[in-house]
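User: Please take a close look at the surroundings of the ligand in this model. I should like a connected account of the residues and contacts there, and of the pocket that shares elements with that site.

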Amino acid sequence: MTDRTDILIAGAGPAGLAAACVLGAEGHRVLLVDPAAPVTGEDAPDADLRTTALLQPARDLLAGAGAWDGLSPYGTALWTMRIVDASAAPPVTRDFRAQDISDAPFGWNFPNWLLRRELLARAAALDTVETAFGASVRSIFAREAGIRATLSDGRRVAARLVLASDGRDSPLRRMAGIGTRRTEYGQTAIVFAVRHAIPHDDISTEIHLSGGPFTLVPIADDAGGHRSAVVWMDDARRQAERMALDDGPFLIEAQARSADVMGPLELASRRAAWPITSVLAERWTGQRLALMGEAAHAMPPIGAQGLNTSLKDVAALRDLCRAEDIGSAEMLAAYERGRRADVAIRMAGVDLLNRTSIAGLGAVQAARAFGIAALHDVPPLRRAVMRLGLGAVVRPE
Ligand SMILES: Cc1cc2nc3c(=O)[nH]c(=O)nc-3n(C[C@H](O)[C@H](O)[C@H](O)COP(=O)(O)OP(=O)(O)OC[C@H]3O[C@@H](n4cnc5c(N)ncnc54)[C@H](O)[C@@H]3O)c2cc1C
């Protein structure tokens, strides 16, 4: 027997979950498939301990789908982005303040496991959304009129559109014969939480020296005091050595790399390591198929662009599903046209920032320190950069 739905979403990571909430709230029948149920508890061994700063446009998208009320009590507001170039003497520090361009914070930071929990709860509350956890999409077969997918549990599903939200190594992208452009940076991000005596004052601090940024993003205080989530990018070999260290020696290195901006640090979580790669799909669509999230574009974690860019894919798909025949060639062409240029510009910007942050050469470091000051100290330029970082869409000519 074949089940029928409007949209089959392959992958229940944060991007697929958000797509299910948004498209389900629009009244489309959605089937969300993933070989593993989302991990929604902080203490689970495979909990995703990263945090995500959801920027203003992401808040608007999720609020429109009824998914923000559950999240908002847990978000930590980000009012200021502080950039410190610690290679300069004295260090160059510049604050980019949300009040300069808006009466709301840049965004709100959430633990990823909590994001999954609240998005899943919203999806479960929608009677348009069905889930199939424990099964993966094994094959897809598209015709002009529709697409059929076979799941690993033998179930067959007919849909008008399949959304591949199955991550940076996307099996569906491979099934559709879509290649990628990949950049291996030779870096690893170590993520962990810290406590610190100094309050974070809703400031996210990005410290540049060499090897990649060291970023402290505010998370909610708890009974133990002030906390931040750290993303520390550096050469992969050095990071492997650091991951092998016991907590004590690891903390000494982290403290030194933090330039003491938050005072003495204390580890407040286990550590996790993420290799840094960027991936851009050569095409974003196939017949009755659209790639989204990291299946279409993955980039280094700088400037909170990753998942926020994926949520802009979701917003574009929502709008096109309102205006066009779902899954039609016209809809898919409009999707690819609308999203590619914005993502390409964003990826180029993140790539440039990462490469300048990797630099250990004095001349490049001096240029970086000068660049940070120049971007900040010219008010129209500063506001333009902040708006772009916040998600102002770059449209093709
Ligand atoms: C260190 C780090 C920090 C980051 N910080 C930020 C930040 O502050 N802000 C931000 O916006 N972004 C950030 N990002 C990026 C963000 O975390 C990712 O974009 C996001 O988690 C990826 O979500 P996704 O849903 O696209 O993919 P994934 O989370 O990889 O989900 C893919 C899902 O697809 C499933 N799947 C695989 N194969 C199949 C199949 N055949 N059928 C069905 N399902 C399948 C998998 O089981 C998985 O659940 C960060 C990334 C890193 C590495």
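Analyst: By class, the shell around the ligand comprises 14 nonpolar, 12 polar and five charged residues. The model is a predicted one. In total, 31 residues surround the ligand, and the closest of them are Ala-15, Asp-34, Val-137, Glu-294 and Leu-307.

Three of these residues can be described through their polar atoms. At Ala-15, a polar backbone atom lies 3.0 Å from an oxygen atom of the ligand. At Asp-34 the side chain is involved: one of its N or O atoms is 2.6 Å from an oxygen atom of the ligand. At Val-137, a polar backbone atom is 3.0 Å from a nitrogen atom of the ligand. On its own, the ligand has 1,000 Å² of accessible area, of which the protein covers 86%.

The elements that contribute two or more residues to this shell are helix H1 (14–25), strand S3 (30–34), strand S4 (51–55), H3, S14 and helix H7 (306–323). Two of these names recur in the second largest pocket, where helix H3 (112–125) and strand S14 (180–196) each supply at least two lining residues. Strand S8 (107–111), strand S16 (214–222) and strand S17 (225–235) each do so as well.

The second largest pocket holds about 450 Å³ of space. Its lining consists of 27 residues, and those closest to the centre are Glu-42, Pro-111, Trp-113, Ile-219 and Arg-227. Sorted by class, this lining has 15 nonpolar, four polar and eight charged residues.

Strand S8, named above for the pocket lining, also takes part in an aromatic pair. The structure holds six aromatic pairs, one of which is formed by Trp-68 and Trp-108. Their arrangement is edge-to-face, with 5.5 Å from centre to centre and 70° between the planes. Trp-108 belongs to strand S8, whereas Trp-68 sits in the loop between helix H2 (56–64) and strand S5 (76–78). The two residues are 40 residues apart, and the pair thus links distant parts of the chain.

Conventions. Residues numbered from 1 in each chain as written. Predicted model: local features only at pLDDT ≥ 70, side-chain atom pairs only at ≥ 80, totals over all residues. Heavy atoms only, no water. 1 Å grid on protein atoms, 1.4 Å probe; cavity = no way out; pocket = protein on both sides within 12 Å on 5 of 7 lines; lining within 4 Å. Points joined across faces, edges and corners; volume = space filled by probe spheres on them. Helix = DSSP H or I, 4+ residues; strand = E, 2+ residues; numbered from the N terminus. Nonpolar A, V, L, I, M, F, W, Y, C, P; charged D, E, K, R; others polar. Near = heavy atom within 4 Å. Polar contact = N/O pair within 3.5 Å; in protein donor to acceptor, adjacent residues only side chain to side chain. Areas by Shrake-Rupley, 256 points an atom, 1.4 Å probe, with all protein chains shown as cover. Phe/Tyr/Trp six-rings, centres within 6.5 Å; stacked < 30°, edge-to-face > 60°.
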